[in-house]
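Work through the exercises below with the sequence and the coordinates open, and attempt each task before reading its solution.

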Amino acid sequence: MGKRVTEIPATLNRFNSTPIVRNKKKRVCGYARVSTDSEEQATSYDAQLDYYTNYIKAHKDWEFVGMYADEGISGTSTKHRKGFNDMIRDAIDGKIDLIITKSVSRFARNTVDSLQTVRKLKEKGVEIYFEKENIWTLDSKGELLITIMSSLAQEESRSISENVAWGKRKAMADGKVSVSYSTFLGYDKGPNGEFVINEEQAKVVRMIFKWYLMGQAPAAIAKRLTEMKIPTPAGKEKWWISTVQHILVNEKYKGDALLQKTYTEDFLTKKQKKNSGELKQYYVEKHHEPIISVDEFNRVQEEIEKRRNYKQRYSSNNIFSGKLICGDCGEMFGRMVTHANSKYEKVGQRCIRKYKDGHKCFTPFVTDEKLKEWVVQGINKYLTDKEEIIKNLEEIRTIACDTEELEKQRDDLEIDMNIIYEHIQRLISQAGIIDAVEYEKKYNKLTKEYERAKSKREEILINIKQCEYKNSRLQGIIDIVEKTQEIISEFDEVLWFELVDKMIIYSKVRAVIIFRDGTEIEVE
């Protein structure tokens, strides 16, 4: 008697254990994506939408749910793809049974993203069909094929990313500068891609530099700009401290450009990292018309460094902050209010260490009004002979700010470094050919020579920069002296910040003002 086999149909979906309903149409959607906004890609995008809409509707046992799409978005990560994320959410919520898309590379160029998404949908019984590769993800071969295809797509994306990065670095090496003009305050993009000063925005940049040199802190400047309802570089209402700080150190405002400040650490995440020496940088001088003079820019950098080294926190609410020194112990003076909220209230400055650790300085509390009187007296003495001051300053500039010899040493060291680098490369090419012990000995010797030359070069660069800062400071003093009347009758904040380096307080009747050019004048 022959055996008989009767087929018993499945009643549960093996992927999500939900009942299988017969004669129910499969809910199907399409997914399309193009990665750029070019006209050619736009045509491809429209064609994909039209094709998959008709393709799905042509199947009588399919119910067309709709098209999900992303236009002009990279596929290396699914993080910012709204259409894609909406589709996956709807599929997991049970609104979609099948997703149709052109290829693995259109779906995702990231192996991890691709596999995680496929497995997540597979658990819910949702299938994906990749038309180009003819892959159905619920098929037994689906996951193996999707892994292979996604890996290939990811390598293709890596290659494209590296080519783009190479192109950008080549442009940098040629001195080509580009910025995001929509978020860069002070400049517009010219007809030939050049920097064109936006005069309205340039006024704001000049104000920021001026206020900083007048003693304002970035926090105070940010607050002031917000209150004046001046838009930020990004067009926002609120200014942040970091925005002001970024403007103050940006070399593009003096007409130069430092290229490759950051680089893309991972082509998948597109994460940007500060370039701390991992890659070459390129400095382009006099690339475009400056908004801020080199002298003013350098004075700001010197002031930033000076404030960074203050022993106490710098306060822009206290015009004497960081400039008053105790003649007894050498500590800074700080702001103090005596007899607060009474008719005897006085605002002034006192040594911040006066009663600390059992120490008592002999220097007194000095009112702000007394300090201002001393400053007026000192500046008037300083400006007694303007011509002599300017002559002395010019001589100091000539002697102390000459960088010709330093620049020659820098150039010689760079030649030496290039020669050593070539020797190292030549030695590396012989690895495995020459004796290993001899190779390591030569390699260590060459790398030590290279590091020694590099360290010396960095030291010289610092010295050159200090000379440039000093030159700018002296030029600033010359400009101020030339513009100022010989006698001033009241305290002037600009002169205080621009001319005076510090004041040493010895007693209620004696102090010494040290000017930025090194001149010391005693006041009583």
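The exercises that follow concern a predicted model, and they go from the whole chain to one sheet, then to the nonpolar cores and the aromatic pairs.

**Exercise 1. The chain as a whole**

Determine how many helices and strands the protein chain has, and what share of its residues counts as buried.

Solution. Counting secondary structure elements gives 14 helices and 18 strands. Turning to accessibility, 40% of the 524 residues count as buried, while the accessible surface of the protein chain comes to about 31,300 Å², with 50% of it belonging to carbon and sulfur atoms. As for contacts between residues at least 6 apart in sequence, 61% of them join residues at least 24 apart.

**Exercise 2. The five-stranded sheet**

Establish the strand order of the open sheet that five strands form, and identify its edge strands.

Solution. The order is E2-E1-E3-E4-E5, and the pairing is mixed. Strand E2 (62–71) and E5 are the edge strands, since each pairs on one side only. Taking the pairs in turn, strand E1 (residues 26–34) runs parallel to E2 and is joined to it by nine bridges, with Arg-33 standing opposite Asp-70 of E2. Strand E3 (residues 98–101) and E4 are likewise parallel, with four bridges between them, and Ile-100 has Tyr-129 of E4 as its bridge partner. E4 and strand E5 (residues 135–136), by contrast, pair in the antiparallel sense over two bridges, where Phe-130 is set opposite Ile-135. The hairpin of E4 and E5 has four residues between the strands, and in it Asn-134 takes a positive phi near 55 degrees. Finally, helix H2 (residues 82–92) lies across E1, E2 and E3 and runs at about 150 degrees to E2.

**Exercise 3. The two faces of E4**

Decide whether the faces of strand E4 (residues 127–130) are covered or not, and say which residues lie on each side.

Solution. In a regular strand, side chains alternate between the two faces of the sheet, so each face has to be examined separately. On one side of E4 are Glu-127 and Tyr-129, and on the other are Ile-128 and Phe-130. All four residues are buried, and both faces are therefore covered.

**Exercise 4. The nonpolar cores**

Find which residues of the largest nonpolar core touch the most other members, and which element gives the most to this core.

Solution. The core holds 38 residues, and Tyr-382, Trp-496, Leu-499 and Met-503 touch the most other members. Several elements each supply at least two residues, among them helix H13 (436–483), helix H14 (493–499) and strand E16 (500–507). Helix H10 gives the most, with six residues. Leaving aside residues up to four places away in sequence, Met-503 touches residues including Leu-324, Trp-374, Trp-496 and Val-512. A second, separate core of 28 residues includes Phe-195, Phe-209, Val-244 and Ile-292.

**Exercise 5. Two stacked aromatic pairs**

Describe the geometry of the pairs Phe-184 with Tyr-253 and Tyr-382 with Phe-515, and state whether their members are buried or exposed.

Solution. The whole structure contains 18 aromatic pairs. Phe-184 and Tyr-253 are stacked, at 5.4 Å centre to centre with 10 degrees between the planes, and they are 69 residues apart in the chain. Phe-184 counts as buried because its relative accessibility is 10%, and Tyr-253 does so at 2%. Tyr-382 and Phe-515 are also stacked, at 4.0 Å and 5 degrees, and this pair links helix H10 to strand E17 across 133 residues. Tyr-382 counts as buried at 5% relative accessibility, and Phe-515 at 1%.

Definitions and conventions: Residues numbered from 1 in each chain as written. Predicted model: local features only at pLDDT ≥ 70, side-chain atom pairs only at ≥ 80, totals over all residues. Heavy atoms only, no water. Buried < 20%, exposed > 50% of the residue type's maximum accessible area, 1.4 Å probe, protein only. Pairing = 2+ DSSP bridges. Contact = heavy atoms within 4.5 Å. Areas by Shrake-Rupley, 256 points an atom, 1.4 Å probe, with all protein chains shown as cover. Axes fitted to C-alpha atoms, helices over the stretch in contact; angles between N-to-C directions. Core = buried A, V, L, I, M, F, W, Y, C linked by side-chain atoms within 4.5 Å. Phe/Tyr/Trp six-rings, centres within 6.5 Å; stacked < 30°, edge-to-face > 60°.
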